[in-house]
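Please look over the model below. This report covers one helix, one sheet and the cysteines.

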Amino acid sequence: MSPLARWCHRHRLAVVLVWVGLLLALGAGVGAAGSAFGDSPTSQDTDSAKATALLRQASNSAAGKSGRVVWQVNGGEVTEPAAKQVMTRTLKEIAEAPGVAEVTSPYTPLGKGQISKDGQTAYASVAFDREVEDTQVDHVKEIATGPASGTLHIALNGQAFTVNPAPNPVADVMGIALAFIVLLFVFRAVWVAALPIITAIVGVGTSAVAVILLSHVITLSSTTLTLGSLIGLGVGIDYALFIVNRHRTNLMAGMSVAESAAKALNTSGRAVVFAGLTVVVALLGMLTLNVGIINGMAIGAAITVTLTVLAAITLLPALLGMIGPRVLGRKQRREMSGWTRPRSSGRAGLWGRWAERVQARPKTLALVALAVLAALALPTLSLRLGASDDGNLPTTSTNRQAYDMIADGFGPGFNGPLVLAVQAPDAAGKAAERKLVTALEKVDGVASAHSAPMKDGQTVGVVSVVPTTSPQSEATSDLIHHLRDDVIPQAEQGTSMKVYVGGVTASNDDFASVLMGKLPVFVLVIAALGFLLLTVAFRSLLIPAVGALLNILSIGVAFGAIVVVFQYGFGAGLLGLGAGGPIESFVPILVVGIMFGLSMDYQVFLVSRMREEWAHTGDSHRAVRVGQAETGKVIAVAATIMVCVFGSFVFGGMRVISEFGVSLAVAVAVDALLIRMIVVPALMHLCGRANWWLPRRLDKALPNVSVEGPADEPTHPLYAVREPESSGLAN
């Protein structure tokens, strides 16, 4: 990669202008075309998907979005003349609004069950057309909340009225500011702090506008942008930091700026490309799951990582050429003349002393670290996937207020009724539907069940089943399975009727079940992929095996963190994240892919330096100690930066992104400080020369990949005999 670095250094102004031009051109495209984000349905053949498809064919309104207008009268009942007059007029105006298919008022015979028994709570159901526009929904919201006063409390909830908080740019700014402070504090040089951040911002900014344009081509969730920013800033700053740190070392060894940049890109730059590719491969590996919303997020995140790597290996060398020796601090520039970098002795201040301690007591430290990791990962055993709803929002939210009003007045199950699509092609089928409704009312866990009368010629009916428990309750999930496995098959037997359990609650349960079934296989595939990549990179079997197992452990820690905070609810209220509930179904899948890539990053930077020392000396203990001592500082700083960036997104106001922020921040901190700085070197000390063993036949069969550039001529004769020069991976 030296030729690329030299070319970017010679044409540094042109490189910078190309990146600026690319960003402006893509931005102009976004300004002209806008965005086209939207949630994509799963492609799974689930019961709820069949119900939704059947309802779409039978009824436009049944398949469209719906919501509720909920109201209470302070100190009175909703049937009082004043409240009834105001809300009747409001509901009539809503029914006449564009995009509204049907409004069911509690003041009509059809909606008489929509007033609570105590008379203090009422709600109206609003069904929208299938192709309703967001502006039309917003207009209905304005109409519905217009009459609210000190005595009349009105709130909205339901799928149509759910408010998704907009991405908070403060999270990005906070993460960048904290990263700058960390870099400035550690390296005491402004340009060292600024260059990685500038590079990451350009890469993330370019990818953001590219993803917005891509939303016109493929279905992407609006969360894709925030997720890409979260990942891109973290890895972008870290990747640039590794290159800048190597460049500074080269300058202090007496190299010219051009020579130093070329050497840095040919060593650390190669490791950055390899690490970035592992993240991209892991993200794109999610496409094999064939789940729409995950496909979009994976593609968007992969684009972000690709562009941040591209910025690190092209824009950064150009900027290094412009900055020149100012990338060093003033004191370092004064001392640079005549200073020669000595051969590493394995001591590097704090990290050198820590490396010696790990070498002295590998068993004890490894056991303690593994025990801590196991304890942190233990909550993963109770992981429950699902979907957050209005009940998880802060109590200040209108959606949460409506949710609580409905739960208090009608029972928690009213917030997530099950919608049964009944296919009844003949009179016998219609009679079976009526019997089914009667049977459903007697099922444990069902608060009520009723069906809408079928019109002449209609062959698809709708049965609404209200559980006694909340949508997120495990009991509701058990009820769904009981209906599908026992109640419905018994009702269908000997009839022409076919019944499918659908609705938002059932769809979320199906989505969680599908992903939960695929999660273990996906983790094993990712672990196997990591083993293969590390085997090729380090020409070893033991190091990749240990790395794959430890990657699984770090993923377990990530899962444990989100279970404690978001499922158990410990600290969620303090973070403004509402009440505890199930983990969003797609979060663990994405965390697996992301953490696999990030864990590989640190493993590559750590072990590649160890292998370089092994190539020179053939002393395994020295190689491990020196590698840990010389990479410990930069890995710790890189992990601190990622923790700052990921942690800042916890306060962004989006529960899904907060789940990513908490899981990744905790997992990165633990992975870098416990796994890479204790467990990996301790186990490598215990294994000795076995770390670098590879069967000769396998060595010849594997492709030669040099992660940190061509190795210097090995100085240890045992290494020269054991390992052909062409297959080495060193600096």
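## Helix 14 and its surroundings

In helix 14, the buried residues (under 20% relative accessible area, 1.4 Å probe, protein chains only) are P362, L365, A366, A369, L373 and A377. They line one face of the helix, because they fall within an arc of 95° seen down the axis of helix 14. That arc is taken from the directions from the helix axis to the C-beta atoms. K363, L367, V368 and A375 lie on the other side of helix 14 and are exposed (over 50%). The buried residues of helix 14 pack against helix 13 (349-360), helix 19 (542-567) and helix 22 (655-687); contact means heavy atoms within 4.5 Å.

This is a predicted model: local features need pLDDT of at least 70, side-chain atom pairs count only at pLDDT 80 or more, and totals for chains, interfaces and linings use all residues. Residues are numbered from 1 along each chain as its sequence is written, and side-chain values use heavy atoms, leaving out hydrogens and water.

## The sheet

An open sheet has four strands in the order 2-3-1-4, with antiparallel pairing. Strands pair if DSSP finds at least two bridges between them. Strand 2 (100-104) and strand 4 (152-157) are the edge strands. Four bridges join strand 2 to strand 3 (residues 121-128). V100 stands opposite F128 in strand 3.

## Cysteines

The structure holds zero disulfides (cysteine sulfur atoms within 2.5 Å). Two cysteines are tabulated here.

| Residue | Relative accessible area | Class |
|---|---|---|
| C8 | 1% | buried |
| C644 | 16% | buried |

Notes:
Helices (H or I, at least four residues) and strands (E, at least two) are DSSP runs, numbered from the N terminus.
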